[in-house]
Amino acid sequence: MKKFVSLVLLPFIMITLSSCASEKRVSRQSFAFDTVINITADKKDDAVISGALALCPEFENIFSRTKEGSELYKINNGEITALSDDMRAALEFSAEFSRMTDGAFDFTLAPLTELWNVNKRTVPPTDEEIQNALNMTGYEKFSLEPFDTGETRLDLGGVAKGYIADKLGGYFKEKGVDNVIIDLGGNVLLLGKYSVGIRDPFNPEKLFAKITVEDKSAVTSGAYQRFFEYNGERYHHILDPKTGRCAKSGIASVTVISPSSMHADALSTAIFVLGERALSLCDNFPDTDALIITEEGEVITTDNFAEKYSLQLM
Ligand code: AMP
Ligand code: MG
């Protein structure tokens, strides 16, 4: 583990991409999974971008927790026992990763995420409401074979965007496109080599750091992405499954770089919950690294991060 002390006290980061401004490039947007999807590639590959964007509603019909009639919606309403291949793959990984993190990552948190509903809430739930929801969560209560969700309901929000980014990346590769930016709201997959700027979201004109990423995904989890404030306290969207409350581990934001966007997605959520001691989780995945910005503005990374990604603190 390596520590850098940044000169700037910047609690949050975002990913921006700086090498896509070119006349030969085209960006197209869509909206799914409660997120703006932005795909950038060469103009000659415009039709492939459209093909990739057309896949997004299909994935939404599988992984959306809130969309009525989606596969996950049906699972959570006890209406399904036969799983699609995509759902099975995402659940297999989620179950394994939940075990690996001893439940710091937990894909059965729907009773809690529904309760907290940070996009709509203005006042935190009561202790009793939290306890009642907690009683209905727990990855150990879930069984894939035979399929049984027990009393839990599933929320794949910590991993689905990564899974989908990998699938979209695979689609571009299949079509022979090897220079593309797939951005699912902070969950970025890059084919080709790019300069990735890590920004201060309080001052979006200003970059916190720059790294160089090639043929990998960069995923950020941060307390700034979805939240409400009450009595001067921030209540954000990443929950500690042990307490049923917003995770507080001293991390303002964590960015994970990995060849697998699904790994990066799940890891970023888990490291955010567990804190800097969880950086070593990256060792379980090939060629995977992370950069944490603590609430004090300190930067902590996995070994050799600076050399590997040409880290420049701004
Ligand atoms: P991310 O933005 O990738 O860190 O994922 C946060 C989303 O994952 C939330 O909006 C929830 O849907 C879900 N989530 C929140 N806390 C956890 C957790 N501890 N484990 C797994 N998923 C979580
Ligand atoms: Mg995640």
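Which residues does threonine 294 touch, not counting residues up to four places away in sequence? I started the notebook with this one. In this predicted model, the list for threonine 294 is Gly250, Ile251, Ala252 and Ile300. I placed threonine 294 in strand 15, which covers residues 289-294. Its relative accessible area came out at 5%, so I entered threonine 294 as buried.

**Entry: confidence**

I checked pLDDT before going further. The protein chain averages 89, and 91% of the residues score at least 70. Helix 3 (residues 85-100) has the highest confidence, at 98, while strand 1 (residues 2-5) has the lowest, at a mean of 45. I noted that pLDDT is below 50 over residues 2-15, and that this stretch still has 65 contacts in the model beyond near neighbours in sequence.

**Entry: the magnesium ion**

I looked up which atoms coordinate the magnesium ion (ligand 2). They are Gly158 (O), Asp265 (O), Asp265 (OD) and Thr269 (OG1), at 2.1 to 2.8 Å. Along the chain, the donors of this ion follow the spacing G-x106-D-x3-T. Glycine 158 and threonine 269 are 111 residues apart, and the pair links distant parts of the chain. I found glycine 158 in the loop between helix 5 (127-135) and helix 6 (160-174), and threonine 269 in helix 7 (residues 261-274).

I then asked whether these two are buried or exposed. Glycine 158 has 16% relative accessibility; because the cut-off for buried is under 20%, glycine 158 counts as buried. Threonine 269, at 15%, counts as buried too.

For later angle work I wrote down the reference values. Four tetrahedral donors have ideal angles of 109.5 degrees at a metal, and six octahedral donors have 90 or 180 degrees. I did not go further with the geometry.

**Entry: strands 3, 4 and 5**

I followed the pairing from strand 3 (residues 25-32) onward. Strand 3 runs antiparallel to strand 4, and eight bridges join them. Alanine 32 stands opposite threonine 35 in strand 4. The two strands form a hairpin with two residues between them. In the turn, phenylalanine 33 has a positive phi of about 50°.

Strand 4 also pairs with strand 5, in the antiparallel sense, over five bridges. I asked why strand 4 (residues 35-42) is largely enclosed by the rest of the structure. Six of its eight residues are buried, so the strand is entered as largely enclosed.

**Entry: valine 180**

Valine 180 is in strand 5 (residues 180-184), and alanine 41 stands opposite this residue. I recorded a relative accessible area of 0%, so valine 180 is buried. Leaving aside neighbours within four places in sequence, I listed the contacts of valine 180 as Arg25, Ile39, Thr40, Ala41, Phe172, Leu189, Leu190, Leu191 and Tyr194. I also looked up one long separation: the C-alpha atoms of valine 180 and isoleucine 271 are 27 Å apart, with their positions 91 residues apart along the chain.

**Entry: the largest pocket**

I computed about 1300 Å³ of space in the largest pocket. It is lined by 48 residues, and those closest to its centre are Asp155, Gly157, Lys161, Arg226 and His237. Which element gives the largest share of the lining? Helix 7 does, with four residues. Elements that each supply at least two lining residues include strand 2 (14-17), helix 1 (46-63), helix 4 (110-116), helix 6 and strand 9 (217-222).

Note on methods
Residues are numbered from 1 along each chain as its sequence is written. Chains are lettered from A and ligands numbered from 1 in the order in which they are written. This is a predicted model: local features need pLDDT of at least 70, side-chain atom pairs count only at pLDDT 80 or more; totals for chains, interfaces and linings use all residues. Side-chain values use heavy atoms; hydrogens and water are left out. Donors are N, O and S atoms within 2.8 Å of the metal (3.2 Å for Na, K and Ca); water is not among the atoms, so sites may look incomplete. Buried means under 20% relative accessible area, exposed over 50%, partly exposed in between (1.4 Å probe, protein chains only). Contact means heavy atoms within 4.5 Å. pLDDT is the predictor's confidence in each residue, from 0 to 100. Two strands pair if DSSP finds at least two bridges between them. On a 1 Å grid over the protein atoms alone, a cavity is a set of points where a 1.4 Å probe fits but cannot get out, and a pocket is an open set with protein on both sides within 12 Å along at least five of seven lines; lining residues have an atom within 4 Å of a point. Grid points are joined across faces, edges and corners, and a volume is the space filled by probe spheres set on the points.
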